[in-house]
Amino acid sequence: MAAPTASPATPALALKPGTAWATAWQRCRALAPEAFHDDRVLNLWGGAWRPDGRPLPAASPVDGTPLAGPPRLDVATAHRAVRASLDQHRAWRDVPLADRTARVTAALDALHEHRDLLALLLVWEIGKPWRLARADVDRAVDGVRWYADRIDTMLAGRTPLAGPVSNIASWNYPMSVLVHAMLVQTLAGNAVIAKTPTDGGLACLTLACALAAREGLPVTLVSGGGGELSAALVRAPEIGCVSFVGGRDTGARVATAVADLGKRHILEQEGLNAWGVWEFTDWPALGRLIRKTFDYAKQRCTAYPRFVVQRAAFADFLAHYLPAVRSVRLGHPLAVASPDDELPDLDFGPLINAAKARELTEQVAGAVDRGAIPLHRGELDPARFLPGQDTGAYVAPVTLLNPPPSSPLHHAEPFGPVDTIVLVDTEAELLAAMNASNGALVATLSCDDPKTYERLAPQIRAFKVGHGAPRSRGDREELFGGFGASWRGAFVGGDLLVRAVTRGPADERLPGNFPDYHLMP
């Protein structure tokens, strides 16, 4: 779909000089020629970059620009990569901690030096606005530095796992979630394997791993279909731990595999994170928070797509919610009116691809057909796009009242800029609506009385519950996990991330959500 035509009085936007995909690709080739070839990236395993795998076509969600696609390995080659990683693991676990820390720190210095190129790759590959893309790189680097400064204390009395950690993560946070986890895992004495996300982040991860591998870190980076490579990356006996971030359907299959094998695991899955409003009057404070909930089009595991509102307060809620959602800014993240302009400060750009945009649009239409009431339907502003560009992956904010139970929007995370509002009259209805997805990662309850919050919050099935403020994954010492179907395996964050990928006392029970027990930190 092409962008609407801007009015003649509006100056046409153009790509900011120096930000084109072709420019970013040439910079990658110059910086890491071992990993980037003419029109493809290579897989990294056995300590070498290899031109194996079958590259698939790919396109940027930003405007349809062709990108380098993932070079998908077959399962036999993936098994060879896993066996090679085990050899690296057995050597790396004996490297003195001071040397491991020095090498990880050198890799962090290189990532920091090339921060803007990594961020530019994120913009093109997964559509992150510039501000959020840079923040993703910064959170990865700063977070691992925090661990590097404390790793000796965290590893007291602990040893690396018997085999490498296999990381299978979604596309939305390649640096601050996936690369961050990989580098902490290497600090702890493990070799690491990562599968590139199918939907985006390939070039960014390839560059990050090239910089890490140059410092001697035992990193493996491969591409392939999740189902096809599961036999190697999840079930292979060489794997010491599986770390997964993604949807519940895939996560359930991974959970079954690791449970059958008794394998260490960290499985983060989505939940419908809810924001409850009950006996509340500080509307200006809430209104100031609404717009930020749309960061990155709610394409994150800690987004808040569901508001559960006391019916008697609904008019006041709408009076502050609607102006906030109407102020949300979306558009082409690299388009400027003048070459000297700063890149636009957007809340979000495209969704991850046009197929997701179509799916979400169809879900909204289906919900409305079955009785949901549209409260807000945003529109794309042609002044924020390049003339005639493909806008098929862009969806403006939508807000629906009372989605029907038959709609996926009623019980599942939309992973896009669609809010649903449910009205309730009693505390029992409030709690039932906030717990609609059998567990969540985060939740928030806005209420005036602290005692009411303290009484209701423990009944909300989320790992973190905020009082009038959003919760997030958190960084550094902040712990992270989930309740119910939103999480399986060991919890992470702070020293728990290190404990999850190391061995302690023989009778140790890690905090987490396991088939035979649930233990909070």
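In the predicted model, a salt bridge joins the side chains of Asp136 and Lys128, with an N to O distance of 3.8 Å. That distance falls inside the cut-off of 4 Å for a salt bridge. Asp136 and Lys128 are both buried.

A second salt bridge pairs Asp425 with Arg311, at 3.0 Å from N to O. This contact connects distant parts of the chain, 114 residues apart. Asp425 sits in the loop between β19 (418-424) and α15 (427-434). Arg311 occupies the loop between β15 (306-310) and α12 (314-326). Both partners have intermediate accessibility. Asp425 is partly exposed, at 44% relative accessibility. Arg311 is also partly exposed, with a relative accessible area of 41%.

Lys464 and Glu478 form a further salt bridge, and their closest N and O atoms are 2.7 Å apart. Lys464 belongs to strand β21 (residues 462-467), whereas Glu478 lies in the loop between β21 and β22 (487-490), so the bridge ties together parts 14 residues apart in sequence. The two ends of this pair differ in exposure class. Lys464 has a relative accessible area of 4% and is therefore buried, the limit for that class being under 20%. Glu478, at 29% relative accessibility, counts as partly exposed.

Salt bridges also occur as a network. Arg131, Lys292, Asp295 and Asp345 are linked in this way. Over the whole structure, the search finds 20 salt bridges. Side chains of opposite charge can pair when their charged atoms come close.

Charge also gathers on the surface without such pairing. A patch of negative charge there comprises Glu279, Asp282, Asp448, Asp449 and Glu454. Residues of a patch have no salt bridge and over 30% relative accessible area. Glu279 is partly exposed, with a relative accessible area of 44%. Glu279 is placed in the loop between β14 (274-277) and α11 (283-290).

These contacts belong to a chain with 17 helices and 25 strands. The radius of gyration of the chain is 23 Å, close to the 24 Å given by the globule rule for 521 residues, so the chain is as compact as a globular protein of that length. Along the principal axes, the C-alpha atoms fill a box of roughly 65 × 60 × 40 Å. Of the 521 residues in the chain, 59% are buried. Asp136 and Lys128 are among the buried residues, as is Lys464.

Terms used. Residues are numbered from 1 along each chain as its sequence is written. This is a predicted model: local features need pLDDT of at least 70, side-chain atom pairs count only at pLDDT 80 or more; totals for chains, interfaces and linings use all residues. Side-chain values use heavy atoms; hydrogens and water are left out. Patches are made of residues with over 30% relative accessible area and no salt bridge: like charges are joined within 9 Å, nonpolar side chains (Val, Leu, Ile, Met, Phe, Trp, Tyr) within 5 Å. Accessible areas come from the Shrake-Rupley method with a 1.4 Å probe; for residues, only the protein chains shown count as cover. Lys and Arg count as positive and Asp and Glu as negative; His and the chain ends are not counted. The place of a charge is taken as NZ of Lys, CZ of Arg, CG of Asp or CD of Glu. Helices (H or I, at least four residues) and strands (E, at least two) are DSSP runs, numbered from the N terminus. Buried means under 20% relative accessible area, exposed over 50%, partly exposed in between (1.4 Å probe, protein chains only). The radius of gyration is taken over C-alpha atoms; the globule rule is 2.2 Å times the number of residues to the power 0.38.
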